[in-house]
Amino acid sequence: NLFVCFVKTDISRDQLYGIISHEMFHNWLPSKIRISAENAGLKYEWLNEGVADYLSRKILFDAGLVTQKKFVEYINNDIFNIADNMHRNEDFAQIMEAAKTGKYDISYKKLSYYRGALIAFRWDVQMEKSYLKFRDFMKELYLLAKAKDGNMTEQNLFGMGEKYKLDIAKDIDEYIKKGRNIEQSISIFGK
């Protein structure tokens, strides 16, 4: 898929890598893996944007293109940004109402990025504790969606989560539907 990216001349290498990897990850989310559900666009924006953000950074880290310090900085920035977001604890019904009444602005949009990235980080840590890999989870999601022309149901997503020891339905209920703070366990680096 082709995309055009306009950047300032003073952009850092890390910023450029981040933008390109995030946009390239959209070849997977939502281009090849889409959830078919009521209000899926807004309901799963955290998956399409935030998980794409997290996984694009993780790929850069795994490839040695960003340092561990920078990767941790990205996670910390998501934590700070969500804490500073005026809508941080709004539930999905409130977000839907904002969209219906024309009040859905950039702060709502960015909330999806932060929530999704922190949920993905949570899942990555949970999988690592069970010696499972996020990339394997994503590959299996892709294969499942590929068999259905890129579409999958929420139940498909929840079932794949169970296989990888994740309670995705509970996480969506707590952190997306109810807008609760996203709980994290120990760092992915074990420190």
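Okay, quick definition before we start: when I give an angle between two helices, I mean the angle between lines fitted to their C-alpha atoms over the stretch in contact, taken between N-to-C directions. And keep in mind that this is a predicted model.

So, the pair I want to show you is α3, residues 45-62, and α6, residues 106-129. Their axes sit 7 Å apart, and the angle is about 55°. Angles from 35 up to 65 degrees fall outside the parallel and perpendicular classes, so we call α3 and α6 oblique to each other. As for handedness, α3 and α6 cross in a right-handed way.

Who's touching whom? On the α3 side you've got E45, W46, E49, G50, V51, D53, Y54, R57 and K58. Facing them from α6 are K109, S112, Y113, G116, A117, I119, A120, F121, W123 and D124. Sorted by class, that α3 and α6 contact comes to 9 nonpolar, 3 polar and 7 charged residues.

Okay, on to holes. How many cavities of 30 Å³ or more turn up in the whole structure? Just 1. The space in the largest cavity is about 110 Å³.

Its lining is L42, K43, E45, W46, F92, I95, Y104, Y108, L111, S112, R115 and I176. Going by helix, α2 (40-43), α3, α5 (92-100) and α6 each put in at least two residues, and α6 has the largest share, with 4. By class, the lining has 8 nonpolar residues, 1 polar and 3 charged.

One thing to look for on the screen: E45, W46 and S112 are in the α3 and α6 contact, and E45, W46 and S112 also line the largest cavity.

Notes:
Residues are numbered from 1 along each chain as its sequence is written. This is a predicted model: local features need pLDDT of at least 70, side-chain atom pairs count only at pLDDT 80 or more; totals for chains, interfaces and linings use all residues. Side-chain values use heavy atoms; hydrogens and water are left out. Axes are lines fitted to C-alpha atoms, for helices over the stretch in contact, and angles run from 0 to 180 degrees between N-to-C directions. Angles under 35 degrees count as roughly parallel, over 145 as roughly antiparallel, 65 to 115 as roughly perpendicular and the rest as oblique. A crossing is left-handed if the near helix is turned anticlockwise from the far one by less than a right angle, and right-handed if clockwise. Contact means heavy atoms within 4.5 Å. Ala, Val, Leu, Ile, Met, Phe, Trp, Tyr, Cys and Pro count as nonpolar, Asp, Glu, Lys and Arg as charged, and the others, Gly among them, as polar. On a 1 Å grid over the protein atoms alone, a cavity is a set of points where a 1.4 Å probe fits but cannot get out, and a pocket is an open set with protein on both sides within 12 Å along at least five of seven lines; lining residues have an atom within 4 Å of a point. Grid points are joined across faces, edges and corners, and a volume is the space filled by probe spheres set on the points.
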